[in-house]
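Morning, everyone. I have one structure to walk through today, so please pull it up alongside me.

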Amino acid sequence: MISAETLLSQLPQDVLTLAQGVLDRSVTDFQQLCNRIADCSESELRILQPVFYVHLNPDRVPVKSTPATTTDIELARWSLTGIVTTLGNIDVHSEKRCLLSAWNCIIPWLLFFHNQFIMYGANYRPVDRTPVIKLVASILFHGLIAGRDLDGNSKLATTTALCRPIAELWVLAIETKDEDVLSIQVPLRDLGHITSLRLVTTFLAGESMRNESFLTTLQEVSGGVGPFTSAALKYVKIIPSVVKDPDITSEAVRMELIQVVTMFSTCVRFIIGTSMLSAAIREGFIVRHSIRHIFSALRILQPLIPGKGTTEQALASSFQYLFFLLERADGPVSVFHEALRSRALEIAIRMAPFGPVKMEANLHNLSADFFEILYHYLVHDKILTYTCKNVDAWSNTLGPIARQDENLWKDWSAMERTIRSYVSLRSQEELIRRPLSNEKGWFLKCCGGTAEGIQLRQCAGCQVVRYCSKRCQRDSCYSHHRLSCKFLKAAVGESFRCSETSFLLTIYPGSSSPHHVKRSLRLLAALEDRQMSYQGDDDIPKLIAAAQRQYPTDQERLVVELGVDKLDVSVRPLRHYLFLFNGLSEKDIVESLLSWNSKESRGHRLFLCSVIAINDQYYSRQILFSPRTALNMEMKLGRRC
């Protein structure tokens with residue numbers, strides 16, 4: 001066997017001199033050697049490699065940084081610097097062998113540098129913080145790579161002793177805005193460099209998720225569940241910048257993206273968890289546009305993710321969060337609109353060819369369930385307007401993808417027809433209702449005046465009609481609006497919500513989307529008319545006859561309930577719907593509706609009035625008084641006055 005001295009003698013004279021100085025504990029020579037090795041050949045680096053491990057004796061790790069320990073600290077610092085410089089520039093097997101054999105000696109020094117200089121544990125700091133951050137992160141990253149087994153799991157960088165440093169580095173990388181700290185050069189053999197500290201710490205944190213104690217440590221380091229979840233959202237927001245690293249597209253680094261996705265999915269799950277614990281936290285994340293950031297990040301990750309399982313993991317967590325918000329959020333329509341704007345539909349369709357995704361929400365097929373939700377929410381003007389603007393582009397880009405799967409193509413074709421049909425219905429209704437539009441949406445105007453500069457006054461009751469003056473509002477109230485206002489308010493759904501978990505309606509206090517319903521009254525009126533024409537000649541008379549036998553004392557007070565987005569119909573007595581008419585007795589309602597029906601040119605009807613049912617939230621239904629009748633009341637009664 002060739003001795004170490006013989007091997008060193010093969011080095012150039014200047015390098016040999018510096019190496020001998022290093023062995024004699026010369027900090028100056030060590031620094032010069034680290035500067036010199038950039039010009040060394042691979043064979044020379046292989047000879048020098050043992051020199052960089054000589055001064056990493058764990059027995060010499062100081063308890064605390066003091067002037068007396070400066071030499072040991074500097075020698076360890078330049079040892080780690082030399083290791084990082086050579087890694088990625090020599091034979092991978094030689095690199096891995098040296099690092100693995102010395103890892104137990106390296107860990108104590110990594111902990112020392114992290115605690116004393118990165119976390120400011122020392123009053124005496126002979127080493128600046130920024131280079132130490134980059135040095136520790138680089139060594140940990142190379143340890144992660146070198147320690148991978150045949151299954152792709154790393155046991156070096158994810159040992160329990162390193163959980164806290166990795167967690168603190170991850171939080172630091174997210175919180176800091178110092179570009180000098182964030183800029184890093186981690187060499188990868190034949191693959192260039194990774195240049196983002198956030199990417200490095202994300203790889204480390206993602207791999208560390210395999211350690212059960214890591215999540216607990218991460219919460220502790222962040223300052224608790226709330227602060228950690230906020231940090232998790234910050235991480236989701238920075239993913240677009242993290243994955244823009246110049247070398248991120250190389251195959252070897254793409255495999256490391258599995259760890260990014262693992263971290264992404266974990267962050268989303270934490271956001272879900274804390275949102276479940278607190279409605280205030282849930283709504284706070286919505287205000288901070290969590291859905292937009294999550295799906296924007298997922299859209300960027302989707303084409304880079306190398307495996308089906310990893311893709312399903314990311315999709316499952318993201319859509320689980322969306323479905324959770326659609327069930328619980330105060331404004332589900334706005335949440336779904338933001339998801340559409342963040343390309344959730346495109347993501348779901350592009351995933352479909354891979355097959356179904358198993359999710360805790362008990363959904364069997366991601367794209368089919370997303371289409372079902374979209375179908376229910378199309379009755380809201382905000383959703384229909386967005387889909388109308390994009391349906392042609394979707395047909396061109398997503399249509400060919402949908403054709404690859406028979407069921408997906410069937411769902412997509414039906415959805416496209418529905419969008420175009422709803423848009424046509426709304427356009428026809430606009431001609432009838434003569435709407436006044438502004439940037440805040442559609443509403444009814446009192447007298448049709450066109451004077452400029454008039455500040456319209458909104459009716460505080462129905463919030464649908466606006467007036468040009470107090471006098472106009474007073475005259476309208478005395479003439480007709482006192483009656484029509486109560487029915488418009490019932491059509492908007494200002495004070496109720498119901499569940500269809502049983503035959504009997506379960507009423508909830510407050511509707512989650514009256515402002516969206518107000519903007520959608522034209523479309524809802526058109527859908528009500530269409531549904532009535534579809535089933536009015538056959539189904540409805542049969543149901544009414546059955547209801548008359550079931551409710552013999554309510555034959556003159558039967559109400560037809562139309563599910564405009566589910567194409568179903570039922571008949572029940574008015575007493576089941578009194579919650580719609582806040583402030584009106586059953587007698588007043590019957591008298592008002594009978595009086596109105598006699599003025600309508602519809603002839604004798606077998607039922608008193610109709611109501612419609614639409615999706616309010618993902619698992620609940622909202623009952624509304626007939627939009628068609630309410631709008632006609634206001635417009636026709638007002639026109640007669």
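I will go through ring pairs, one helix, salt bridges and a charged patch, in that order.

One caveat up front. This is a predicted model. Everything I quote is computed from it.

Let's start with the aromatics. How many aromatic pairs does a search of the whole structure find? The count is 20. I will pick out two that share a tryptophan.

The first joins W170 and F228. The ring centres are 5.9 Å apart, and the planes meet at 45°, so the pair counts as tilted, falling between the 30 and 60 degree limits. Where do the two residues sit? W170 is in helix α8, residues 163-175. F228 is in helix α12, residues 225-242. They are 58 residues apart, so this pair links distant parts of the chain. Buried or exposed? W170 has a relative accessibility of 0%, so it counts as buried. F228 is buried too, also with a relative accessible area of 0%.

The second pair joins W170 and Y235. It is tilted as well: 5.9 Å centre to centre, with 50° between the planes. Again the link runs from helix α8 to helix α12, this time across 65 residues. Y235 is buried, like W170.

There is also a ring cluster. Ring pairs link F295, F319, F323, F336, F370 and Y377. Keep F336 in mind for the next part.

Now helix α17. It covers residues 332-341. How much of it is buried? The helix is mostly covered, with 8 of its 10 residues buried. The buried ones are P332, V333, V335, F336, H337, E338, A339 and L340. So F336, a member of the ring cluster, is on the buried list of α17. Just after the helix, R343 takes a positive phi of about 70°. Worth a look on your screens.

Staying with aromatics for a moment, look at F371. Its place is in helix α19, residues 366-377. F371 has a relative accessible area of 4%, so it is buried, given the 20% cut-off. F371 and W412 are 41 residues apart along the chain, yet their C-alpha atoms are separated by 7.7 Å.

On to charges. Side chains of opposite charge can pair when their charged atoms come close. How many salt bridges does the count give? It comes to 22. I have three to show.

First, R282 with D330. The closest N and O atoms are 3.7 Å apart. R282 is in helix α14, residues 279-287. D330 is in the loop between α16, residues 308-328, and α17. They lie 48 residues apart, and the pair links distant parts of the chain. The two ends have unlike cover. R282 is buried, with a relative accessible area of 9%. D330 is partly exposed, at 49%.

Second, R522 with D381. The closest N and O atoms are 3.9 Å apart, which is inside the 4 Å limit. R522 is in helix α25, residues 521-535. D381 is in helix α20, residues 381-397. The separation along the chain is 141 residues. R522 is buried, at 5% relative accessible area. D381 counts as buried because its relative accessibility is 7%. This bridge does not stand alone. D381, R426, R519 and R522 are linked in a network of salt bridges.

Third, R420 with E416. Here the N to O distance is 3.0 Å. Both residues are in helix α22, residues 406-433. Why are they separated by about one helical turn? Because they are 4 residues apart in that helix. An α-helix has 3.6 residues a turn, so residues three or four places apart point the same way. R420 is partly exposed, with a relative accessible area of 38%. E416 has 18% relative accessibility, so it counts as buried, under the 20% cut-off.

Last item: the surface. Which residues gather in a patch of positive charge? They are K237, R288, R292 and R341. Take R292, in helix α15, residues 290-301. R292 has a relative accessible area of 35%, so it is partly exposed. R341 is in the patch, and residue 341 closes the range of α17. K237 falls within the residue range of helix α12.

That is my list. Over to you.

Conventions:
Residues numbered from 1 in each chain as written. Predicted model: local features only at pLDDT ≥ 70, side-chain atom pairs only at ≥ 80, totals over all residues. Heavy atoms only, no water. Patch = residues over 30% accessible without salt bridge, like charges linked within 9 Å, V, L, I, M, F, W, Y side chains within 5 Å. Areas by Shrake-Rupley, 256 points an atom, 1.4 Å probe, with all protein chains shown as cover. Salt bridge = Lys/Arg side-chain N within 4 Å of Asp/Glu carboxyl O. Lys, Arg positive; Asp, Glu negative; His and termini not counted. Charge placed at Lys NZ, Arg CZ, Asp CG, Glu CD. Helix = DSSP H or I, 4+ residues; strand = E, 2+ residues; numbered from the N terminus. Buried < 20%, exposed > 50% of the residue type's maximum accessible area, 1.4 Å probe, protein only. Phe/Tyr/Trp six-rings, centres within 6.5 Å; stacked < 30°, edge-to-face > 60°.
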